[in-house]
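Subject: Structure handover

Hello,

Here is the structure I said I would pass on. My notes on it follow below.

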Amino acid sequence: SKRNYTSTQFTSFLLTGVPGLEDFQIWISIPFSFMYLLAVIGNGLVIAVVARDRSLHEPMYLFLTMLALNDVLLCTVTVPKMLLIFWQGPSLSTFAACLTQMFFVHALFLSESAILLAMAFDRYVAICAPLHYATLLTGSLIGKVGLALVARSVVVVIPGVLLILRLHFCRSNVIHHTYCENMGIAKLACNSFTLNSIYGLTAALLTTGLDCILISLSYWLILRTVFQLPSREARKKAFGTCGAHICVILIFYTLAFFSFFTHRFGHHVPRHALILLANLYLLVPPTMNPIVYGVKTKEIRIRV
């Protein structure tokens, strides 16, 4: 007999924070708020510096500005609400608000990955084909790249949201997490969420996974070219630029993939570790990016 789902269909979700660490949440909130402030100020400075200085309106700095803007948005979608939970305890979120947050978390995460790929391509052309740099990376191309990565995020994430809408929530409305994300919501459903899980996994591998492979390829080609440079000074300069990028990319993808796979397959990993990791992969890159890029990029460092 088909159960009547409509009688107890939940209209809101209760976000409880980090399971098992409720007593420590006030302490966890200290480094988290500090990182959030650092991320907003650091990325804000990068945006302000590039926007003010016309001589910095070059591909590398424009991509850097895109990354900084994306980082501010990514943090702001999750951290304020998270801090509210840490300070005031479990927080109710309407179904619509939860889905909106889920949409922006995943969409901004995908666009972050796409911007890192665009930056890797920019460095690849600058180092491996410097003569074609000005003709290839024009202002109009950068505009198109910006639009394409926003479009990709929207197109990939919307089916995920629509797949959530077909689920019935009659068992529980408690999400043991600090923000709403795809599998966190799907796992509460009374009907099967296999499709949600398959779509999430496939979408992630075909977007972020593919980005990661293409980034690795471009840096492999860059390093091959760098090793062939005649002067030690030139080698050092190229390494300096790429070193910073590789640091950020490693931090971003390592945290993301680790979080992603432990969530699905790490059944022995403690719940609080999973949730802390899921917060860190959205908070560490935005905090680190302006430091790594700002400090490593002489033009930005001087102007700041």
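A disulfide here is a pair of cysteine sulfur atoms within 2.5 Å. Please keep in mind that this is a predicted model.

Disulfides

By that cut-off, a search of the whole structure gives 2 disulfides. In one of them, Cys-170 is joined to Cys-190, with 2.0 Å from S to S. The torsion about this S-S bond is about -140°, so the disulfide between Cys-170 and Cys-190 is left-handed. Cys-170 sits in the loop between helix 5 and strand 3, and Cys-190 in the loop between helix 6 and helix 7, so the bond ties together parts that are 20 residues apart in sequence. Cys-170 has a relative accessible area of 11% and is therefore buried, since buried means under 20%.

The other pair is Cys-98 and Cys-180, with an S to S distance of 1.8 Å. This pair links distant parts of the chain, 82 residues apart: Cys-98 belongs to helix 3, while Cys-180 is in the loop between strand 3 (174-175) and helix 6. The torsion about the S-S bond of Cys-98 and Cys-180 is about -100°, so this disulfide is left-handed. Cys-98 is buried, at 0% relative accessible area, and Cys-180 is buried, also at 0%.

How are the bonded cysteines of the protein chain paired, if they are numbered in sequence order? The pairing is 1-3, 2-4.

Two further cysteines have accessibility values in my notes. Cys-128 counts as partly exposed, at 25% relative accessibility. Cys-247 counts as partly exposed, at 42%.

Cavities

How many cavities of 30 Å³ or more does a search of the whole structure find? The search finds 2.

The largest cavity has a volume of about 490 Å³. Its lining is made up of 29 residues, and His-106, Gly-200, Ala-204, Phe-260 and Tyr-281 are those that lie nearest its centre. At least two lining residues come from each of helix 3 (95-128), helix 5 (139-165), helix 6 (182-186), helix 7 (194-227), helix 8 (232-265) and helix 9 (271-296). Helix 7 gives the largest share of this lining, with 7 residues. Sorted by class, the lining of the largest cavity holds 18 nonpolar, 9 polar and 2 charged residues.

The second largest cavity holds about 40 Å³ of space. The residues that line the second largest cavity are Asn-43, Val-46, Leu-64, Leu-67, Ala-68, Asp-71, Asn-289, Pro-290 and Tyr-293. Helix 1 (25-52), helix 2 (59-88) and helix 9 are the elements that give two or more residues to this lining. The largest share, 4 residues, is from helix 2. By class, the lining of the second largest cavity has 6 nonpolar residues, 2 polar and 1 charged.

Nonpolar cores

The largest nonpolar core has 61 residues, and Leu-116 and Tyr-281 touch the most other members. Two or more residues of this core come from each of helix 1, helix 2, helix 3, helix 5, helix 7, helix 8 and helix 9. Leaving out residues up to four places away in sequence, Tyr-281 touches Phe-109, Tyr-179, Leu-255, Ala-256 and Ser-259. Tyr-281 has thus come up twice: among the residues nearest the centre of the largest cavity, and in the largest nonpolar core.

Apart from the largest core lies another, of 22 residues, including Cys-98, Met-102, Val-157 and Val-161. Cys-98 is also the cysteine that a disulfide joins to Cys-180.

One residue in helix 8

Is Ile-249, which is in helix 8, buried or exposed? Ile-249 counts as buried, at 10% relative accessibility. Its contacts, leaving aside neighbours within four places in sequence, are Leu-116, Ile-215 and Tyr-219. Leu-116 is one of the two residues named above for touching the most other members of the largest nonpolar core. Ile-249 and Ala-148 are 101 residues apart in sequence, and their C-alpha atoms are 21 Å apart in space.

Regards

How values were computed:
Residues are numbered from 1 along each chain as its sequence is written. This is a predicted model: local features need pLDDT of at least 70, side-chain atom pairs count only at pLDDT 80 or more; totals for chains, interfaces and linings use all residues. Side-chain values use heavy atoms; hydrogens and water are left out. On a 1 Å grid over the protein atoms alone, a cavity is a set of points where a 1.4 Å probe fits but cannot get out, and a pocket is an open set with protein on both sides within 12 Å along at least five of seven lines; lining residues have an atom within 4 Å of a point. Grid points are joined across faces, edges and corners, and a volume is the space filled by probe spheres set on the points. Ala, Val, Leu, Ile, Met, Phe, Trp, Tyr, Cys and Pro count as nonpolar, Asp, Glu, Lys and Arg as charged, and the others, Gly among them, as polar. A nonpolar core is a set of buried Ala, Val, Leu, Ile, Met, Phe, Trp, Tyr and Cys residues joined through side-chain atoms within 4.5 Å. Buried means under 20% relative accessible area, exposed over 50%, partly exposed in between (1.4 Å probe, protein chains only). Contact means heavy atoms within 4.5 Å.
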